[in-house]
Amino acid sequence: MAETELFSRDKIVGAITELSGKMRLPLAFIDMEGNYFTSGDDPRGQEESLHGDEHSLRRVPVYLGREMVGFVACGDGTAQGEAILNAAAVSLEMLFRLEKEIEDLSAEIVRVYEELSLIYSLSSKLGAELDIATICLQVVEEINRVLGVKTILLMLLDEKSGTLSIQYCTEKVRERVETMRVASSAEPFAQIFARKKCVVIPEGEAATGFPLPFKEALWVPLVTDNRNIGMLIAADKVNGKEFRSQEIKLIDALSGEIAAAIKKAQLYERIKKLFMSTVEALASAIDAKDPYTYGHSRRVAHISEAICRELGLPGEEIQFIELAALLHDIGKIGTPERILQKPGRLQPKEMEVIKEHPLQGAHILSTIDELQEVMAWIRQHHERYDGRGYPGKVTAEDIPLPARIIAIADSYDAMTSDRPYRKAMNPGKVMDIMDDLAGSQFDPHVFKAFKSVFLRRGARMTCEEDGVR
Ligand SMILES: [Fe+2]
């Protein structure tokens, strides 16, 4: 036994010194590689005086389980010396066994700690995450940290078509698998989905036509509420070793949590889409009150989005601003159609009625807690940068940025659309008019961003995206 295998030299010397002292006889331990461990009192001194040859030291083998790990030796050849050696061997065996148990236990503690830290790290990351792409990236990073594999694929199942498509894959295989579609009824998917358990598939056993060659791959079905939602495939460990059963058990245990997080994000995505289409339907209902402004809300939303991107606003904020832009004129639901559709100029009293729509819009949304910010932006979309707008005569940066963005998008689309009292104006002319109003009606910084978008897109400002006009 090499000294580094189980004990340090100091530990063995310490044990031998203690035994020598207790038994009042100099003892030595010789491991299987011939390394010699002894206390200060070397038994070879007595041996040499008896026989002159260290190989004739009295020796008794020492075992760890069934394996012989060395000898305990002394220079006393009497029956008493023999008895002492046997007792020393038993003591050393007990000591070695104890050390081995401690070492095994330590390794087990380290393994359990690593497992728990992976579970904790993944759970805390996935718990609050609702974006599918981010979830998949985090899952792959954490799993790769534990397994260390060359290739990972994460495929999600489309329930309607029954096909699996790639949601995430390792960069080097992207080109080969990115557009891959596999029926969930194809093997080995069908069998693994039926078993709902992790499987290790060695080379040659994968389904024919699976586009990635591998030596060994771990296939992990992602199951939540007893339904398969996808498959994670981790292939070929970087160190060339096989997957250990502990690793397989750990990934199997984690797969439920991963599947639940993905399912939750998919549901959130669906609810978000449903919500947005409801809002769009509502926006269409507003536009439908006035055939002249048909599609106005959607176009204002598109232009607002383009300005937001030009200003570099974060994605989540842009979504809310688009929502506010879609609903900016919701208060017109309460405005009489005879005023909205009146050909010719409005009387001052009729203008006052029209001017109520920002407050009415805010009132309609006031009961929805999640839309309190959106409500404030809608209330202020007719405020002017110089404080001469309505309803609050708020100035400059006191007007929320989303309201300043929507105001510009709204004005541009209104002037470039047909109205009961005038024809649509030429986009270039509208830009000239708006240019003069930057700093008075419009926030000059936001207008600059809008102008950059306009100069890139020209008159095709909105039709590029929505085809409404
Ligand atoms: Fe408005």
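**Exercise 1.** In which sense do strand S1 and S2 pair, and over how many bridges? Place both strands in their sheet.

*Solution.* The model is predicted, so local features require pLDDT of at least 70 and side-chain atom pairs pLDDT 80 or more, while totals for chains, interfaces and linings use all residues. Residues are numbered from 1 along each chain as its sequence is written, and side-chain values use heavy atoms, with hydrogens and water left out.

Step 1. Strand S1 (residues 27-31) pairs with S2 in the antiparallel sense over three bridges. Strands (E, at least two residues) and helices (H or I, at least four) are DSSP runs numbered from the N terminus; two strands pair if DSSP finds at least two bridges between them. Within this pairing, Ala28 stands opposite Thr38 in S2.

Step 2. The order S2-S1-S4-S3 describes an open sheet of four strands with antiparallel pairing. Strand S2 (36-38) and strand S3 (58-64) each have a single partner strand, so one side of each lacks a neighbour in the sheet.

Step 3. On average, neighbouring strands of this sheet are turned by 30° against each other, direction ignored. Axes are lines fitted to C-alpha atoms, for helices over the stretch in contact, and angles run from 0 to 180 degrees between N-to-C directions.

Step 4. Helix H3 (residues 79-127) lies across S1, S3 and strand S4 (67-74), at about 25° to S3. Contact denotes heavy atoms within 4.5 Å.

**Exercise 2.** Identify the buried residues of helix H13 and the helices that help to cover them.

*Solution.* Step 1. In H13 (residues 372-379), Val374, Met375, Ala376, Trp377 and Ile378 are buried (under 20% relative accessible area; exposed is over 50%, partly exposed in between; 1.4 Å probe, protein chains only).

Step 2. Their cover includes helix H9 (315-326), helix H12 (357-365) and helix H14 (401-415).

**Exercise 3.** Analyse the aromatic pair of Phe189 and Trp219.

*Solution.* Step 1. The structure holds seven aromatic pairs. Rings of Phe, Tyr and Trp (its six-membered ring) pair if their centres lie within 6.5 Å; planes under 30 degrees apart count as stacked, over 60 as edge-to-face and the rest as tilted.

Step 2. Phe189 and Trp219 are edge-to-face, 5.3 Å centre to centre with 70° between the planes. Phe189 belongs to helix H6 (residues 189-195) and Trp219 to strand S9 (residues 216-224), so the pair ties together parts 30 residues apart in sequence.

Step 3. Phe189 counts as buried at 1% relative accessibility, and Trp219 is buried with a relative accessible area of 0%.
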